[in-house]
Amino acid sequence: DAILGLEREPEAKGWFESVMRAAHSLKGAARIVGLRGATRIAHAMEERLETLQKSEAPPTSREIDLLLRAADLLREITKLEQEGVAAWEVAQESTVA
């Protein structure tokens with residue numbers, strides 16, 4: 001929701017901060033439970049958002065699309081049984097990279 005809010009109102013700092021907090025929290029949580037793919041995705045989101053924040057430029061539609069795709073990948077991971085995570089990470093390696 002915050003990514004879509006960022007797309008609708010890129011000048012509204014609240015959306016940006018919300019996405020940043022979520023990415024940071026997800027990165028830490030994924031690292032704690034050993035989800036390498038989720039950690040990489042959340043880390044990439046966080047890094048890109050930090051770059052955008054420093055540039056003070058609104059995100060482009062391509063950047064919004066990539067953030068939404070990253071959120072979709074994270075959502076996919078949440079639907080997996082523990083036994084399916086390793087296979088998902090192998091199958092999605094190029095996408096995550």
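Which residues lie nearest the centre of the second largest pocket? Let us keep that question in mind while we walk through the protein, and come back to it once the general layout is clear. Please remember along the way that this is a predicted model.

Start with the overall build. The secondary structure comes to 6 helices and 0 strands, and from the N terminus on the elements run α-α-α-α-α-α. The radius of gyration is 14 Å, close to the 13 Å that the globule rule gives for 97 residues, so the protein is as compact as a globular protein of that length. If you draw a box around the C-alpha atoms along the principal axes, that box is roughly 40 × 25 × 20 Å.

Next, think about inside and outside. Buried residues make up 33% of the 97 residues. The accessible surface comes to about 6300 Å², and carbon and sulfur atoms account for 54% of that surface. Contacts tell us about the chain as well: among those with a separation of 6 or more, 54% join residues that are 24 or more positions apart.

Now for the spaces between the atoms. Rolling a probe the size of a water molecule over the atoms shows where empty space is left. The largest pocket has a volume of about 420 Å³. It is lined by 21 residues, and the closest to its centre are Ala22, Leu26, Met45, Ala71 and Leu74. Four helices give two or more residues each to this lining: α1 (2-8), α2 (13-32), α3 (36-55) and α4 (61-78). Helix α2 gives the most, with 7 residues. Sorted by class, the lining of the largest pocket has 17 nonpolar, 2 polar and 2 charged residues.

We can now return to the opening question. The second largest pocket holds about 360 Å³ of space. Its lining consists of 14 residues, and those nearest its centre are Ile41, Ala44, Leu66, Ala70 and Val96. Here α3, α4 and α6 (93-96) each supply at least two lining residues, and α4 gives the most, with 6 residues. The lining of the second largest pocket divides into 9 nonpolar, 1 polar and 4 charged residues.

Let us finish with two glutamates that are worth finding in the picture. The first stop is Glu63, which sits in helix α4. Is Glu63 buried or exposed? Buried means under 20% relative accessible area. Glu63 has a relative accessibility of 13%, so it counts as buried. To see what surrounds Glu63, leave aside its neighbours within four places in sequence: Glu63 is then in contact with Arg48, Leu52 and Pro58.

The other stop is Glu89, in helix α5 (residues 85-91). The same reasoning works here: with a relative accessible area of 11%, Glu89 is buried because the limit is under 20%. Not counting residues up to four places away in sequence, Glu89 touches Leu35, Arg36 and Gly37. You can also trace how the chain folds back by looking at Thr39, which is 50 residues apart from Glu89 along the chain, while the C-alpha atoms of Glu89 and Thr39 are separated by 11 Å.

Methods: Residues numbered from 1 in each chain as written. Predicted model: local features only at pLDDT ≥ 70, side-chain atom pairs only at ≥ 80, totals over all residues. Heavy atoms only, no water. 1 Å grid on protein atoms, 1.4 Å probe; cavity = no way out; pocket = protein on both sides within 12 Å on 5 of 7 lines; lining within 4 Å. Points joined across faces, edges and corners; volume = space filled by probe spheres on them. Nonpolar A, V, L, I, M, F, W, Y, C, P; charged D, E, K, R; others polar. Rg over C-alpha atoms; globule rule 2.2 N^0.38 Å. Buried < 20%, exposed > 50% of the residue type's maximum accessible area, 1.4 Å probe, protein only. Contact = heavy atoms within 4.5 Å. Areas by Shrake-Rupley, 256 points an atom, 1.4 Å probe, with all protein chains shown as cover.
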